[in-house]
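User: Can you walk me through this one? Keep it quick.
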Amino acid sequence: MAILEAVGLTKRFGGLVANQDVSIKIEKGSITAVIGPNGAGKTTFFNMITGFYEPDEGEILLGGKNIKGLRPDQIATRGITRTFQNIRLFKQMTALENVMVGTHSRLSAGLLGILFHTKRVREEEEKARVEAYQLLEYVGIEHIANEAAGSLPYGLQRRLEIARALATNPQIILLDEPAAGMNPRETVEMTEFIRLLKKELDLTIILIEHDMKLVMGLSEYIHVLDYGRKIAEGTPEQIRNNPSVIEAYLGKSASEVS
Amino acid sequence: MANLVWKSFKGIPLYVTLIWIAVFSLLLHFLDKSVLSFLGILSSIVLLYFTNTSNKIKLAIGALVLIVIIPLVAGENRYYMEVASQVGIYVAMALGLNIVVGFAGLLDLGYVAFFAAGAYAYAIFSTSQANEFIAGNLFPLTGDWFWPFLIVGLIVAAIFGILLGLPVLRVKGDYLAIVTLGFGEIIRIVFNNLDKPINITNGPQGITPIPAPELFGLKMGTPFYFYFIVLFVIAFIVLANIRFEHSRLGRAWIAVREDELAAQSMGISLLNTKLAAFATGASFAGVVGVIFAAKQTFIDPTSFTLMESIGILVMVILGGSGSIPGVILGAAFVTLLQVQLLKEFSNFLHSLQQSGIINLPNQLDPSKFQRLVFGIMLIFVALYRPNGLIPAKRKTNDLGAIKSSPFSSGKLGILSKLSQSSSTKQS
């Protein structure tokens, strides 16, 4: 049963068609990759799923319900979360607070409750703090809980961003180039970690990635975009041998040669 | 090297602060007119902030200085109490603006409009002005009504904040600054012209006499009483600021300030969060407006110009945007500079002129250089302390307390799936 279904998504920016009639089905508990050359429209696709862009045409179904037209924060509370290609942490806040922000929509404290510091608000805060700390432990960076997020090294920032995304208690997590800028060892670690997320936390994972080793090793299913259109889908094996994918990546002559 | 010295600096020893307080309170007691000793005792609060001792002791000494020592040694001097309550009014306003600008990062140049809303709310209904448009000759109200009107002013200003915020908060950054500037001016001009067709605000003539607060028949019209009223309101606003800063809402404000896209993908509604910041900041200005109206006994639209908004913004930025102690320091510093230092310096030069030592043209009167001084100060702050006099810093959480929290026994949130899967494995 598909947990997320994009049907005929089209997005135009003026004359440029960033996504045209893209239909993708995501199975619950799967790891799916969206790949394609630079400018193929992968991030546009992510932005439509998470509500940052509204599709010009098409529908997005989450568990059978249409979520097209909802605001990003409404989509986040419905269980779709994401990380960003160029990490977007709240730099001045500590790592722990960054993760606590993720719990926002599950907390209920209002203006008056905060002002009067009611017992319920205090308990809720303490719980959120503990949860945030546990998430930091889970991604293995609890030792920097009190450091400002902006001062962390790159690899830890990536982990922190994932911890923050997990704090929204999502069903689906969209990772936009999780291994970008990482060295081979870090990439292997990240691959293992994503696999663990799926297995232990029962998450559905959709990722954009350029590192083919990571994509082929990790994903169960792959969708390929080129110039805003979906040109192929299939298992890693099928994609590896698909002539139109090879053509999109390497150009026409290369596929003719092979 | 200088850095090393700074790092090993743990704070001013407690006895230095205590001696400072004692010396200046004695000086002020014996030299009644000494401006310097008055400034000395006010600055002891800053000293106290940097003193090396526990927060509880700091709080106790600070309260002692503000509630007992200052009224005791300066209470008979109307002028000092007047200055102190004026400082307090600006501190309270700056703390309100700190929520909007410092926490939520919304550059608001029309903040004084909410101050005006609070002031006019009390002024109109406490004087016979309200009879102009409400039948029944019910007004003026007595000074007893001052206290409920603190709440009325709060609510009126909060409503103004939401009504203004709804259209204005669709734009960001510099555009927001321009739009709020426009709205601030519109409100002032509306108050200036709302004397016809129905006379609501009495237009440019202003409203007077606004009654002083009264409590059980005690008239509290002197600066001495206003000092305590302002102190009480500041205590409330500081407490609110502290609680908001480390709450669900405060985190949302800062998240929106740091990165709107990421904040949204964490489930934070931009409009609601920004509106909450706008309304909260506005409501504090409204309360202060009521006090201001009662203190001045007369208000007119000229008290609520753009220059006021800019002045308050300068206080926030100078002190340290988003930093509660910083903003208090910034507000106190700028207000003292305006109402006391520049004026005293003017008076000093005048006295020199009168005794014929120098010849000072009227245009060079220092009290006319307020804007120039603001400008120079901001340039220096931007160059040497870009995050303000006391920069904002996030509270570090006590990790030991988190680990020993009763909630730590089980896995929370999404991690609760973890314990489920491991327990099924074991069985």
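User: How many helices and strands does chain A have?
Analyst: Chain A has eleven helices and ten strands. Helices (H or I, at least four residues) and strands (E, at least two) are DSSP runs, numbered from the N terminus. The radius of gyration of chain A, taken over C-alpha atoms, is 19 Å, close to the 18 Å from the globule rule for 258 residues, so chain A is as compact as a globular protein of that length. That rule is 2.2 Å times the number of residues to the power 0.38.
User: What are the ground rules here?
Analyst: This is a predicted model: local features need pLDDT of at least 70, side-chain atom pairs count only at pLDDT 80 or more, and totals for chains, interfaces and linings use all residues. Residues are numbered from 1 along each chain as its sequence is written, and chains are lettered from A and ligands numbered from 1 in the order in which they are written.
User: What does the C-alpha trace of chain A span?
Analyst: About 70 × 40 × 35 Å along its principal axes.
User: Switching to the A–B contact. How many residues does each chain give?
Analyst: Chain B gives 38 residues and chain A gives 48. Contact means C-beta atoms, placed from the backbone, within 7 Å.
User: Which helix supplies the largest share on the chain B side?
Analyst: α10(B), with seven residues.
User: And where is B:G11?
Analyst: In the loop between α1 (2–8) and α2 (14–30) of chain B. Leaving aside neighbours within four places in sequence, B:G11 contacts B:F50, B:T51 and B:N52. B:G11 and B:F50 are 39 residues apart in sequence, yet 5.3 Å apart in space, C-alpha to C-alpha.

Key. Contact = placed C-beta atoms within 7 Å.
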